[in-house]
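These are my notebook entries on the empty space inside a structure and on what I looked up there. I kept them short and went through one topic at a time.

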Amino acid sequence: MDFAPPYARRGLEHDPQWYRRAVFYEVMVRSFADTNSDGIGDIPGLISKLDYLEWLGVDALWLPPFYSSPLLDGGYDVANFMTVLPEFGTIDDFQELVSQAHARNMRIVMDLPLNHTSDQHHWFQESRTNPSGPYGDYYVWSDTDEIRQHIRIIFSDTEDSNWAFDSERRQFYFHRFFSHQPDLNYHNPAVHSEMHDIARFWLGMGVDGFRLDAIPYLYESDEGTGESEPETHEFLRTFRSFLDTEFPGRVLIAEANQWPSETAEYLGTEETPECHMAFDFPIMPRIFYALRSQQAEPLQMVLAETVDIPPGTAWGVFLRNHDELTLEMVSEEERQALYGWYAYDPRMRVNVGIRRRLAPLLDNSRQELQLAHALLLSLPGSPFLYYGDEIGMGDNIWLEDRDSSRTPMQWSPDRNAGFSDADPGKLYLPVVQSLAFHYSSSNVETQLAQGTSLLHWVRNLIHLRKEHPVFGVGPLTVVSSDNPSVVAFVRDMPIEECKPGESPETLLCVYSFAHQPLSVTLSLPESFRANRVTEITGGGRFPSPNEQGQLVLTLPPQSFYWLSLAGIKASVA
Ligand code: BGC
């Protein structure tokens, strides 16, 4: 199929808040498409797939690190921030990617791991060999590893301390992640200048923003928890004002795996802004919980607790990404239940989470995949899809760590799933060949040939969402239901959010997690008592709520409705 758009190429549309309506797609350069037959995905490969991504409805790409790196942590171990890993391509290739993406009105957001570097970085090499030299103070050194023992260990499967001894400098260095990833010392202003220069370098090439990796951990102190310390926020405020002054319109996305109120702090305030977006970590595991428990309450509670965020900011919502499905933001009881349902084989677990992809997690159930995607595309914030999930790609738990869900994209039933024409043994990771998810049937080409495939379904839903900007910018109101398996909410577009030509809109989204059909009575607040209710995927008329605002619906197992509410009575609207 030719994905080339039928219309002339255009540049980026001017919209300073584009990220609030965008559909994001996370794709690792290494995993998408290999054009030089070395078995490793590359930037020209990604460029060759931009037409596909545009067809899918993607507005922005999030690219995990593609800097020079020994790749001991998927590239989050950066050895040089100003270069592209040669296997992935060159700076020229990257510039071509940016301009080709922009020509399609698609943005590029890249990862910026600010907290640490690889131990191969020349800053670290010089720091350990020359303590009184210019890089001597770039990392967090200590004569003892007895301090800051209360700071929790994140990679608990591989690390037993946040300190490691360097035999050259004969001191300990601090590391929140792997021991080959020393933490930078943010008490040193020179580190700040370096980060500004690095950001300038990429922004100068037209990059539309950064995902700020592991942002809560920048500063640590003897008394604090090493997470979200006040100076970390101070750094972010300065970083944001640098961005607004030198590169207005570019965005910062916080990766802060914290509770909602703490995460919201990364958005700052209207007067003192920090990031434009922050990932919503607590909501994600509750979707998985609801799918198995058939109980909507934990999800509903987290939705009802919606934290007010400053105007112009947004949440980033996701089902899966390149990391484990993290279970840090749930109670111990919920965590054990989730492990039992989704990680019954110990190989499926890593750290505090589950290292599986979406489709295997949901046992390849089409209903569950649809329900999960519908939620993803209708929750407040902008959705982030993970490459391959649109075709229900499988994983490989026999691979180490999070590589289980970083295998090559499956394009066709051909050799190496069409990812590369290298000798299969040369691939950076093998393609998935499990019984249920073999690439011969799970691939883009096969799914394109079948109108009812998951790929077509996901694409249609993405395009439907884009026709209703209320999904991006409308506030959410939870609607009470009399059935514990149902969660319902209204998304309502305020007139101030409408762009020229748009009109305010009110949508009622209803989800049933029950494994059997059910009937539910929803109680609509007065301001949403419409007299015309229409299902938006097909335009079918639905019953209207009665005078008391009660709306009775029946739902098939694990299903959803997106209903437009119109004709809301003027006297109460
Ligand atoms: C990234 C991980 C990485 C870690 C350390 C994270 O938050 O998403 O993939 O291992 O940072 O850099």
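Entry 1, the cavity. I began with the largest cavity of this predicted model, and I noted that about 340 Å³ of space lies in it. I then looked up which residues line the largest cavity, and I found 24 of them, with I154, F155, F177, E255 and D323 the closest to its centre. When I sorted the lining of the largest cavity by class, I wrote down nine nonpolar, six polar and nine charged residues. For the structure as a whole, my search returned four cavities of 30 Å³ or more.

Entry 2, the ligand. Where does the ligand sit? I found the ligand in the largest cavity. I listed 13 residues around the ligand, and among these D73, H116, E255, H322 and D323 come nearest. Sorting this shell by class, I counted seven charged, three polar and three nonpolar residues.

Entry 3, the contacts. I next looked up distances between oxygen atoms of the ligand and polar side-chain atoms of the protein, and for E255 I recorded 2.6 Å between an N or O atom of its side chain and a ligand oxygen. For H116, I noted that a polar side-chain atom lies 2.8 Å from an oxygen atom of the ligand, and for R402 the corresponding entry, again from a polar side-chain atom to a ligand oxygen, is 2.9 Å. Last, I checked how far the ligand is covered: taken alone the ligand exposes 310 Å², and the protein buries 96% of that area.

How values were computed
Residues numbered from 1 in each chain as written. Predicted model: local features only at pLDDT ≥ 70, side-chain atom pairs only at ≥ 80, totals over all residues. Heavy atoms only, no water. Near = heavy atom within 4 Å. Polar contact = N/O pair within 3.5 Å; in protein donor to acceptor, adjacent residues only side chain to side chain. Areas by Shrake-Rupley, 256 points an atom, 1.4 Å probe, with all protein chains shown as cover. 1 Å grid on protein atoms, 1.4 Å probe; cavity = no way out; pocket = protein on both sides within 12 Å on 5 of 7 lines; lining within 4 Å. Sits in = over half its atoms within 2 Å of the grid points. Nonpolar A, V, L, I, M, F, W, Y, C, P; charged D, E, K, R; others polar. Points joined across faces, edges and corners; volume = space filled by probe spheres on them.
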